[in-house]
Structure formats: C-alpha cells, structure tokens
Amino acid sequence: SNEDAICSVERELLEETGLKGDLSFVAKVWDDAYSSVQRFCYVSQNTKFVQKPNLENTEYIELVECDLKKLKNILVNGLCSDTELAYLCLDYLKLL
C-alpha cells in the first residue's frame, strides 16, 4: 500500500542518506517491460541532514549536493542511475 511505501521511503532515506524531509508521492512505475516489479517514486522537500548515514556493507551511495543546472547536466549525460525517476520528480516540482 502507499502508506507502507512511504514508511519504507522515510526509513531508507534516513538510513542511506541521513536526510529527513516532507515526502510526497510522485508516481508508481514499472521497473521495465519484462518485469512485474513496480517502483514507488517520492520526492522530499524541506529536507535536512539529521544524522550520519548508516549504510550496510553492500551499499555504495555517494551523496552529492548540487544545484538544478548541475543536476540536469548529470541526468542528460547519464551520470547516474534511475534518471526516469529524477525526471518524474523534477516534473512534479515544476522544474523542467
């Protein structure tokens, strides 16, 4: 359910990034055409760093703070994964 998903998003955002914010549901999307997996997409606003990330030894996450121009450059040049989710969030925020 959407409520279960938002709890998971809050927990993972805090654990993996140390960030906490006001979450909004953006979309539910299919992982790919050959999968029955669906992903929930949320955007966080009024986000603040509240603790050091607590990564598992199998997680490799690099936090990068950047402005909108740099983010769009990262997306256009394929320098991150899940670009479609980032574009959905930018569209939701009316930043495209």
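Q: A nonpolar patch is made of residues with over 30% relative accessible area and no salt bridge, their side chains joined within 5 Å. Which residues form a nonpolar patch on the surface?
A: The model is a predicted one. Ile61 sits in the loop between strand 2 and helix 2. Its relative accessible area is 35%, so Ile61 is partly exposed and passes the 30% cut-off. With about 230 Å² of accessible area together, the patch is formed by Leu55, Ile61 and Leu63.

Q: How many salt bridges does a search of the whole structure find?
A: One of them joins the side chains of Arg11 and Glu12, N to O at 3.5 Å, and this distance falls within the 4 Å limit. Over the whole structure, the number of salt bridges found is four.

Q: Does Glu12 count as buried or partly exposed?
A: Its salt-bridge partner, Arg11, has 42% relative accessibility and counts as partly exposed. For Glu12 the figure is 27%. Buried would require under 20%, so Glu12 counts as partly exposed.

Q: How many residues apart in sequence are the parts that the pair of Asp82 and Arg39 ties together?
A: The two side chains meet in a salt bridge with an N to O distance of 2.8 Å. Asp82 lies in the loop between helix 2 (68-76) and helix 3 (83-92), and Arg39 in strand 2 (residues 38-49), so the parts tied together are separated in sequence by 43 residues.

Q: Is Arg39 buried or exposed?
A: Its partner Asp82, at 38% relative accessibility, counts as partly exposed. Arg39 has a relative accessible area of 17%. That value is under the 20% limit, so Arg39 is classed as buried.

Q: Which residues do salt bridges that share partners join into one network?
A: Glu84 is partly exposed, at 38% relative accessibility. The side chains of Glu84 and Arg39 meet in a salt bridge at 2.4 Å, N to O. This pair links distant parts of the chain, with Glu84 in helix 3 and Arg39 in strand 2, 45 residues apart. Through shared partners, one network joins Asp31, Arg39, Asp82 and Glu84.

Q: Which cysteine sulfur is nearest to that of Cys41?
A: The structure holds zero disulfides. Cys41 is therefore in no disulfide, and a sulfur 3.5 Å away is the nearest one, outside the 2.5 Å cut-off. That sulfur is too far for a bond, and it belongs to Cys89.

Q: What is the relative accessibility of Cys89?
A: Cys41 is buried, with a relative accessible area of 4%. Cys89 also counts as buried, which means a value under 20%. For Cys89, the relative accessibility is 14%.

Q: Which strand gives the largest share of the core?
A: The largest nonpolar core has seven residues: Val26, Ala27, Val29, Cys41, Val43, Leu85 and Cys89. At least two residues of this core come from each of strand 1 (19-30), strand 2 and helix 3. The largest share, three residues, is supplied by strand 1.

Q: With which residues is Ala27 in contact, leaving aside its neighbours within four places in sequence?
A: Ala27 is among the seven residues of the largest nonpolar core, as is Cys41. Beyond the sequence neighbours set aside, its contacts are Arg39, Phe40, Cys41 and Leu88.

Terms used:
Residues numbered from 1 in each chain as written. Predicted model: local features only at pLDDT ≥ 70, side-chain atom pairs only at ≥ 80, totals over all residues. Heavy atoms only, no water. Buried < 20%, exposed > 50% of the residue type's maximum accessible area, 1.4 Å probe, protein only. Helix = DSSP H or I, 4+ residues; strand = E, 2+ residues; numbered from the N terminus. Core = buried A, V, L, I, M, F, W, Y, C linked by side-chain atoms within 4.5 Å. Contact = heavy atoms within 4.5 Å. Patch = residues over 30% accessible without salt bridge, like charges linked within 9 Å, V, L, I, M, F, W, Y side chains within 5 Å. Areas by Shrake-Rupley, 256 points an atom, 1.4 Å probe, with all protein chains shown as cover.
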